[in-house]
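Reader: I should be grateful for a close look at a single part of this model, with strand pairing as the starting point. Please set it out as one connected account.

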Amino acid sequence: EYNTGNTPAVQANVVYTVDELPLDGYTLDSIVCMDATGAVIGADGTLTLALDQDVTCTVFNDDDAPTLVLNKVVTNDDTGDLDPVDFDLTLTGADTVHDAGVDYVDGNMPVIEATVSYEVSETPPAGYERVSIECVDTDTQLAVPNPFTPTSGQNISCTVTNDDIAPTLVLNKEVTNDDSGKLLAEDFDLTLTGVDTVHDTGVDYVDGEMPVIVAGIAYEVTETAPTGYEMTGIECIDIDTQQPVTNPFTPTLGQNVSCTVSNDDIAPTLVLNKSVTNDDAGDLDPADYDFNLTGEDTVHDAGVDYVDGNMPVIVAGVSFEVSATPPAGYELTGIACIDVDTQEAVSNPFIPTIGQNVSCTVSNDDIAPTLVLNKSVTNDDAGNLTPADCYLTLTGADTVHDTGVDYVDGKMPVVVA
């Protein structure tokens with residue numbers, strides 16, 4: 001082996017071959033041997049010298065340009081449908097071509113230069129995340145960092161891997177307990193329905209849960225409110241854009257949806273009714289009576305009077321009692337309370353539950369007057385009649401006594417007011 005400029009000792013009429021060991025990053029271009037006159041001697045470095053012949057052999061090498069292959073791997077395990085060619089891979093480097101970055105697609109081989117720093121990057125399309133960017137020296141199979149500075153003749157392959165992003169859903173519950181309700185958010189079931197093999201017939205979740213959903217499938221959030229509560233709204237939003245999302249909704253890849261179901265406890269109601277029977281000449285109407293409602297709710301503590309058809313505001317969990325003092329000539333025949341929805345009897349006093357609708361009816365009947373006829377006989381002059389021997393006549397325009405009817409001592413004729 002010799003270095004450039006060396007003059008090895010040679011002999012005439014001997015075949016010699018000039019060659020060189022390979023050098024990474026360089027390609028042997030040619031070997032040219034010439035005598036003092038400029039004539040080419042031999043071919044491809046093989047020559048035979050004559051006596052007294054002076055020959056110079058020159059070995060020509062060319063440095064090899066590095067190479068780069070850009071590859072794309074796409075995982076579509078969440079209903080994504082993009083192919084590798086649908087992604088742009090960006091190569092940036094200070095080589096006058098890639099200064100501001102140039103986009104390539106899967107399989108492209110950008111022209112790069114040795115000793116220039118390059119970086120492979122990517123902005124994933126909506127619904128996809130970049131999992132990794134891995135570069136290797138294809139000859140040594142050793143990892144190459146990114147950014148990288150290729151050497152002469154280095155062959156690099158960079159692979160950008162993407163995965164489609166499953167959409168997400170968060171279910172939230174908001175409960176307003178302003179009418180003595182005591183249920184908490186976790187006491188409510190939120191139902192998610194969607195034809196994804198899991199939610200086909202609906203699955204119940206509680207506040208804060210995140211069901212696994214699939215892009216491109218229509219879903220609907222519903223709820224059957226528990227007794228005493230009403231559903232006041234279901235609102236869904238895109239968490240990232242804060243824009244409203246309809247319900248039902250069809251999530252896209254990578255979309256993050258939050259749905260909030262709001263409930264409010266329902267105040268109980270009470271209707272006070274009056275039933276009046278006027279079968280003994282009474283002439284009062286239901287509106288002529290006062291009801292009294294008593295309850296420890298700060299309003300009815302000392303009792304408040306109402307009339308027929310009134311609906312007092314009552315509070316769940318508080319004991320109330322309906323009472324009435326009949327006007328003169330009437331008697332209280334009953335106070336009957338029922339649950340309007342179930343038609344079941346409700347005791348009086350009663351403690352309404354949230355959402356319960358109670359109706360109480362106070363019944364009165366006019367009271368017929370009574371008459372007792374008595375006879376007193378004084379026998380102080382030898383008389384011998386007794387009270388039973390005497391008739392008392394009652395006359396009145398009541399269809400019975402129009403012409404008078406006789407009665408004896410102790411009788412109680414029916415009279416009309």
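Author: Two strands are said to pair if DSSP finds at least two bridges between them. The model is a predicted one, and all that follows should be read in that light. By that criterion strand β6, residues 89-93, pairs with β7, for 3 bridges join these antiparallel strands. Within this pairing, Leu 91 faces Val 102 of β7.

The two strands belong to an open sheet of 3 strands, ordered β7-β6-β8 and paired in the antiparallel sense. Its edges are formed by β7, residues 102-104, and β8, residues 118-121, each of which has a partner on one side only. From one strand to the next, the twist averages 30°. In general, the strands of a sheet are held in register through backbone hydrogen bonds, and their pairing may be parallel or antiparallel.

Another set of pairings centres on strand β25. Strand β19, residues 269-277, runs parallel to β25, and 9 bridges join the two. One of the matched positions is Val 271, whose bridge partner in β25 is Ser 359. Strand β23, residues 330-339, also pairs with β25 over 9 bridges, but here the sense is antiparallel. In that pairing Cys 337 has Cys 360 of β25 as its bridge partner. Strand β25 itself spans residues 357-366 and is mostly covered, with 7 of its 10 residues buried. As a general point, side chains in a regular strand alternate between the two faces of the sheet.

The disulfides add a further set of connections between strands. How many disulfides does the structure hold? There are 4 in total. When the bonded cysteines are numbered in sequence order, their pairing reads 1-2, 3-4, 5-6, 7-8.

Cys 33 and Cys 57 form one of these disulfides, with a distance of 1.9 Å between their sulfur atoms. The angle about the S-S bond is 110°, and the link is right-handed. Cys 33 belongs to strand β2, residues 26-35, while Cys 57 belongs to strand β4, residues 55-63; the disulfide therefore ties together parts 24 residues apart in sequence. Are these two cysteines buried or exposed? Cys 33 has a relative accessible area of 3% and is buried. Cys 57, at 30% relative accessibility, is partly exposed, because the limit for a buried residue is under 20% and that for an exposed one is over 50%.

A further disulfide is formed by Cys 135 and Cys 158, whose sulfur atoms lie 2.0 Å apart. The torsion about their S-S bond is about 110°, so this disulfide is right-handed. Distant parts of the chain are linked here: Cys 135 is in strand β9, residues 128-137, and Cys 158 in strand β11, residues 155-164, at a separation of 23 residues. Both Cys 135 and Cys 158 are buried.

Cys 236 and Cys 259 likewise form a disulfide, and their sulfur atoms are 2.0 Å apart. Because the torsion about the S-S bond is about 110°, the disulfide of Cys 236 and Cys 259 is right-handed. Cys 236 is located in strand β16, residues 229-238, and Cys 259 in strand β18, residues 256-265, so parts of the chain 23 residues apart in sequence are tied together. The relative accessibility of Cys 236 is 4%, and this residue counts as buried. Cys 259 counts as buried as well, at 0%. Another cysteine, Cys 390, is buried at 17% relative accessibility.

These details may now be placed in the chain as a whole. The chain contains 27 strands and 0 helices. Its radius of gyration is 54 Å, well over the 22 Å given by the globule rule for 417 residues, and the chain is therefore more spread out than a compact globule. Along the principal axes, the C-alpha atoms fill a box of roughly 205 × 35 × 30 Å. Of the 417 residues, 30% count as buried. The chain exposes about 24,000 Å², of which carbon and sulfur atoms supply 51%. Among the contacts between residues at least 6 apart in sequence, 62% join residues at least 24 apart.

Note on methods. Residues are numbered from 1 along each chain as its sequence is written. This is a predicted model: local features need pLDDT of at least 70, side-chain atom pairs count only at pLDDT 80 or more; totals for chains, interfaces and linings use all residues. Side-chain values use heavy atoms; hydrogens and water are left out. Helices (H or I, at least four residues) and strands (E, at least two) are DSSP runs, numbered from the N terminus. Axes are lines fitted to C-alpha atoms, for helices over the stretch in contact, and angles run from 0 to 180 degrees between N-to-C directions. A disulfide is a pair of cysteine sulfur atoms within 2.5 Å. Buried means under 20% relative accessible area, exposed over 50%, partly exposed in between (1.4 Å probe, protein chains only). The radius of gyration is taken over C-alpha atoms; the globule rule is 2.2 Å times the number of residues to the power 0.38. Contact means heavy atoms within 4.5 Å. Accessible areas come from the Shrake-Rupley method with a 1.4 Å probe; for residues, only the protein chains shown count as cover.
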